[in-house]
Amino acid sequence: MKSTTTGERAQFAAIAQLVAEEAGALVSAGFRSRPPVESKGPSDLVTEYDRASEDMIAMRLGSLAPGIPVVGEERGDGFAPMALRSGLVWYVDPLDGTTNFVHGHPFWSISVGLFDGDEPIAGAVVAPALSLRWSGWVGEPVSVSGRSGRHGEARRNGQRCGVSPTLRLEDALVATGFPTVRNVAPANNFHSFMSVKHVVQGVRRCGSAAIDLCMVADGTYDGYWERKLNIWDVAAGCAVVLAARGRITSLEGRVPDYHQGHIAVSNGHLHDALVEAINA
């Protein structure tokens, strides 16, 4: 993250929120209208609002932050992941939770995240139907009084936010999701869901990974895990989680590969217990 200063990361987070808000206003015009739907695969839907939102986001980011590549869910043709694993890249989901949107369910969002190499550094998630918006930027690692951490800032509806203080998995409310193709274990996440469900206070499944991540960042959820996510699903939300002092690893507890999309996220206090339950 040497290519950006603290001030620049904060500015990028503000740009991400502005653009996500604008795209959210565009998409909101079609909410509960039962728009025409196309299928990209089993349980994988797309609408005209997904595409119009992504076009707007790409145009606005190109204007406000020129020279930074923009990779989105609907513009993925020709996308070579390894070629973009250095320098700054915007990863955007123009409508995270399209199935919810199509059915008139309010859990959908616009996600705009910025990576520097393989690390999330800034992002914003806007959920218009819930009147919720999150943003955050991640600073360089620091050590204060022998404890490691990061400077940064996460906000929910304009107010500073942080992860929950919950210490025990037995007291935790966590979230998860399931891939569009669910015919193969363990990729379908069914076994892990049952394993975690046995030990936590509750598991929620809202259908927008970006919202789930931000609800860990603001202390609503104590943890979250999911498999087979795309980079645009997690880019913004993971930046907000790290800005809120949360912890992110692979499902096995190792350094996460955000491009692979198998992640475990928590407030940090119960992370090891969550990872153990996911893999039980």
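Begin by selecting S109 in this predicted model, and then display the residues around S109, which, leaving out those up to four places away in sequence, are D93, P94, L95, D96, V125, V126, A127, S208, A210 and I211. S109 belongs to strand β5, and S109 is buried, with a relative accessible area of 0%. Of the residues now on display, turn to S208, whose side chain is joined to the side chain of S109 by a polar contact of 3.1 Å.

Next, keep β5 in view and select helix α2, which runs over residues 48-64 and holds 17 residues. From its first C-alpha to its last, α2 reaches 24 Å, close to the 24 Å expected at 1.5 Å a residue. Which residues of α2 are buried? They are Y49, D50, S53, E54, I57, A58 and L61, and if you look down the axis of α2 you will find that these buried residues fall within an arc of 160°, so they line one face of the helix. The elements that these buried residues pack against are α1 (6-28), β2 (44-46), β3 (70-72), β4 (88-96), α3 (98-103) and β5 (109-116), and the last of these is the strand in which S109 is found. Before leaving the helix, zoom in on its start, where a side-chain oxygen of T47 reaches to within 3.1 Å of the backbone nitrogen of Y49.

Now select the cysteines C161 and C214, and show their sulfur atoms. Why is there no bond between C161 and C214? The sulfur of C161 has its closest cysteine sulfur in C214, at 8.1 Å, which is too far for a bond, and a search of the whole structure finds zero disulfides. Both residues count as buried, C161 at 16% relative accessibility and C214 at 0%.

Move on to W225, which has its place in strand β12 (residues 223-226) and counts as buried at 0% relative accessibility. With D96 selected as well, a distance drawn between the two C-alpha atoms should read 16 Å, for residues that are 129 apart along the chain. D96 has already appeared on this tour, as one of the residues that S109 touches.

From there, go to L242 in helix α6 (residues 231-243), a residue that counts as buried at 13% relative accessibility. Setting aside residues up to four places away in sequence, L242 touches P120, V138, I248 and Y258. For a longer view, add F101, whose C-alpha atom is separated from that of L242 by 28 Å, with their positions 141 residues apart along the chain.

The next stop is T249, which lies in strand β13 (residues 247-250) and, at 4% relative accessibility, counts as buried. Which side chain makes a polar contact with the side chain of T249? It is that of H271, at 2.8 Å. Apart from neighbours within four places in sequence, T249 is in contact with R254, P256, H262, I263, A264, H271 and V275.

Finally, colour the model by confidence. The mean pLDDT of the protein is 90, and 91% of its residues reach 70 or more, but over residues 143-148 pLDDT stays under 50, and for this stretch the model has three contacts beyond four places in sequence. Where pLDDT is low, the predicted coordinates should not be read in detail.

Definitions and conventions:
Residues are numbered from 1 along each chain as its sequence is written. This is a predicted model: local features need pLDDT of at least 70, side-chain atom pairs count only at pLDDT 80 or more; totals for chains, interfaces and linings use all residues. Side-chain values use heavy atoms; hydrogens and water are left out. Helices (H or I, at least four residues) and strands (E, at least two) are DSSP runs, numbered from the N terminus. The expected span of a helix is 1.5 Å times one less than its number of residues. Buried means under 20% relative accessible area, exposed over 50%, partly exposed in between (1.4 Å probe, protein chains only). The arc is that of the directions from the helix axis to the C-beta atoms. Contact means heavy atoms within 4.5 Å. A polar contact is a pair of N or O atoms within 3.5 Å; within protein, one must be able to donate a hydrogen and the other to accept it, and residues adjacent in sequence count only if both atoms are side-chain atoms. pLDDT is the predictor's confidence in each residue, from 0 to 100. A disulfide is a pair of cysteine sulfur atoms within 2.5 Å.
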